Amino acid sequence: MAEDTIFHRIMRREIPADVVYEDEDIIAFRNVAPQAPVHVLFVPKKTIRGLDAAAEEDAALLGRLALAAAAYARREGFADKGYRVVMNCNEDGGQTVFQMHLHLLAGAPLGRFGAA
Ligand code: 5GP
């Protein structure tokens, strides 16, 4: 059975979140524990446990998730400076909320990904 996560509760407005974008398929809100000056989570409204659980039929939704993050970056004026998008998947990937989501991080130099 699909898991009911904290993000589902945010989508149902049962718990508050600082929502910065929403459309028919996607909601985006600020991370409660930001890892950068800008840290927004883009979440599909369709229940998908994580990237590993996404199917071929979710390809367009995955694309829209990334494009929604890019559009937000342009709207907020930090696209030219740059940003990072991350999806954590399962235990070794550091996933803690098992509803698929994309992290958008920006607002400061983020360093080389994976650099020591
Ligand atoms: P993950 O580790 O699964 O890739 O990312 C989950 C993220 O959700 C974490 O960065 C965590 O800070 C964030 N998070 C967990 N609970 C809440 C919450 O109740 N509200 C918000 N806005 N973010 C949350």
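**View 1. The ligand and the residues around it in a predicted model.** The ligand has 16 residues around it. Arg30, Asn31, Asn88, Thr96 and His103 come nearest. Asn88 offers a side-chain N or O atom 2.8 Å from an oxygen atom of the ligand. His101 also has a side-chain N or O atom close to a ligand oxygen atom, at 2.9 Å. The backbone takes part too: an N or O atom of Val32 lies 3.3 Å from a nitrogen atom of the ligand.

**View 2. His101 and its surroundings.** His101 sits in the loop between α3 and β5. Its relative accessibility is 6%. His101 is therefore classed as buried, since the cut-off is under 20%. A polar atom of the His101 side chain lies 2.7 Å from the backbone oxygen of Gln99. The side chains of His101 and His103 make a polar contact at 3.5 Å. Beyond neighbours within four places in sequence, His101 is in contact with Phe7, Leu41, Phe42, Val43, Val86 and Met87. The side chain of His101 also reaches the ligand, with an N or O atom 2.9 Å from a ligand oxygen atom.

**View 3. The five-stranded sheet.** Five strands make up an open sheet, and their pairing is antiparallel. The strand order is β1-β2-β3-β5-β4. β1 and β4 (83-86) are the edge strands, each pairing on one side only. On average, neighbouring strands are turned by 20 degrees against each other, direction ignored. Helix α2 packs on this sheet and touches β1, β2, β3, β4 and β5. The direction of α2 makes about 150 degrees with that of β3.

**View 4. The pairing of β1 with β2.** β1 and β2 run antiparallel and are joined by three bridges. Val19 has its bridge partner in β2: Phe29.

**View 5. The largest nonpolar core.** This core has 17 residues. Which residues have the most contacts inside it? They are Phe42, Tyr72 and Phe78. Two or more residues come from each of β2 (26-30), β3 (38-44), α2 (59-76) and β5 (102-106). α2 gives the largest share, with six residues.

**View 6. Phe42 and its contacts.** Neighbours within four places in sequence are left aside here. Phe42 is in contact with Ile26, Ile27 and Ala28. Its contacts also include Leu65, Ala68, Ala69 and Tyr72. Met100, His101, Leu102 and Leu104 are on the list as well. A second core is separate and has eight residues, among them Phe7, Ile27, Leu41 and Val43.

**View 7. Arg13 and its backbone.** Most residues other than glycine have a negative phi. Arg13 is not a glycine, yet its phi is positive, about 60 degrees. Arg13 is found in the loop between α1 (6-11) and β1 (19-22). Is Arg13 buried, exposed or partly exposed? Its relative accessible area is 48%, so Arg13 is partly exposed.

**View 8. Asn90 and its backbone.** Asn90 also has a positive phi of about 60 degrees without being a glycine. Asn90 lies in helix α3, which covers residues 90-93. With a relative accessible area of 30%, Asn90 is partly exposed.

How values were computed: Residues are numbered from 1 along each chain as its sequence is written. This is a predicted model: local features need pLDDT of at least 70, side-chain atom pairs count only at pLDDT 80 or more; totals for chains, interfaces and linings use all residues. Side-chain values use heavy atoms; hydrogens and water are left out. Helices (H or I, at least four residues) and strands (E, at least two) are DSSP runs, numbered from the N terminus. Buried means under 20% relative accessible area, exposed over 50%, partly exposed in between (1.4 Å probe, protein chains only). A nonpolar core is a set of buried Ala, Val, Leu, Ile, Met, Phe, Trp, Tyr and Cys residues joined through side-chain atoms within 4.5 Å. Contact means heavy atoms within 4.5 Å. A polar contact is a pair of N or O atoms within 3.5 Å; within protein, one must be able to donate a hydrogen and the other to accept it, and residues adjacent in sequence count only if both atoms are side-chain atoms. Two strands pair if DSSP finds at least two bridges between them. Axes are lines fitted to C-alpha atoms, for helices over the stretch in contact, and angles run from 0 to 180 degrees between N-to-C directions. A residue is near a molecule or strand if one of its heavy atoms lies within 4 Å of it.
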